[in-house]
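Hello,

The structure we discussed is below, followed by notes on its nonpolar residues.

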Amino acid sequence: LKLQFLYLIAPETPRAPIHHTMTESTPLRKKMSRTMSRTQSARGDVAFVDDHIDMDGSLKAAVFGFNDGLSANTCLMIGIASASGIDPTVVIASGLVGLCAGAASMGAGEWVSMVMQNKTESGEIEREKDHIRRHTKLEDQIFNDRLRELGFSDATISSLANDMNTGNPEQDLDMRVRLHAKIEMGLEVGEESGDPVKSMVFMMSAFSGGAIIPLLPWLPFWYQGPVVSMWLSILCSLLASFVVGMKCSEFTREAPVTTGTRQVVAGAIAIFSVWFIGFLYQFISGNAAPAA
């Protein structure tokens with residue numbers, strides 16, 4: 001099990017396995033079991049399919065981008081439709097502007113946030129390295145306490161301490177930094193949380209894909225008049241929200257109907273809230289009440 005632990009933290013640094021006492025219910029034990037199965041599968045001992053999701057930031061950007069594009073542009077168009085008396089020209093223009101401006105701003109924001117996240121994480125690792133160099137004993141004590149919280153026995157902790165005191169200062173420091181960063185902060189030395197450019201592209205594409213859905217009923221091949229198009233826009237948005245929610249159940253392991261319904265309820269509240277705000281705007285400004 002110690003070998004599996006080190007495989008999780010620093011797979012390029014092999015160590016001899018030792019016995020380790022930890023209950024089956026311990027989350028880290030379960031993670032080790034998955035790693036053991038993955039390792040056995042590589043040797044051909046057992047059949048195993050690793051179906052875990054690659055959480056590199058792109059999934060978050062795609063899901064968040066599509067949902068944001070869908071809800072933001074639907075709310076924008078319905079709000080404008082309500083405030084303008086459902087003027088098709090104004091509604092279509094607002095939808096196109098919302099799609100382009102939203103995709104550009106969300107893409108830029110995703111790139112900046114991912115760059116900052118990567119820089120922050122590398123900075124935290126460097127800060128931890130400096131702390132280890134200047135306060136080795138204190139950092140080791142914090143690390144040992146964290147291992148005990150995770151369920152490791154004192155024997156295993158003592159053995160790991162011996163592995164981090166080989167007499168080679170550079171090797172010991174490198175091992176300490178890797179282990180401390182992984183256990184204390186959940187960070188991998190030398191790895192980034194995600195590719196900023198990839199996340200930006202995912203965000204822009206997903207946002208555009210979501211934002212174009214409420215626009216479809218207003219396009220020439222589907223246009224059925226302002227009132228019908230507005231309600232079709234709402235219907236398409238809520239239907240897309242339900243489908244996205246059901247798809248997300250594959251990641252969250254919830255019932256598809258539960259996640260889909262949650263998306264629809266949230267979307268409906270947002271849509272009819274902005275419609276009501278547009279209605280109030282018309283009422284206060286003294287224009288005719290919008291069609292519904």
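Helices α4 and α8 each supply at least two residues of a nonpolar patch on the surface (helices are DSSP runs of H or I, at least four residues, numbered from the N terminus). This is a predicted model, in which local features need pLDDT of at least 70 and side-chain atom pairs count only at pLDDT 80 or more, while totals for chains, interfaces and linings use all residues. Residues are numbered from 1 along each chain as its sequence is written, and side-chain values use heavy atoms, with hydrogens and water left out.

The patch consists of W111, V112, M116, V197 and V201, which together have about 440 Å² of accessible area (Shrake-Rupley method, 1.4 Å probe, only the protein chains shown counting as cover). Patch residues have over 30% relative accessible area and no salt bridge, and nonpolar side chains are joined within 5 Å; a salt bridge is a Lys or Arg side-chain nitrogen within 4 Å of an Asp or Glu carboxyl oxygen. Three of the patch residues come from α4, the most from any element. M116 lies in α4 and is partly exposed, at 49% relative accessible area (partly exposed lies between buried, under 20%, and exposed, over 50%).

Now the interior. The largest nonpolar core (buried Ala, Val, Leu, Ile, Met, Phe, Trp, Tyr and Cys joined through side-chain atoms within 4.5 Å) has 21 residues, of which I78, W218, M230 and I271 touch the most other members. Two or more residues each come from α3, α4, α8, α9 and α10, with α3 giving the largest share, five. A second, separate core has nine residues, including F143, I157, L160 and M175.

Regards

How values were computed
Buried means under 20% relative accessible area, exposed over 50%, partly exposed in between (1.4 Å probe, protein chains only). Patches are made of residues with over 30% relative accessible area and no salt bridge: like charges are joined within 9 Å, nonpolar side chains (Val, Leu, Ile, Met, Phe, Trp, Tyr) within 5 Å.
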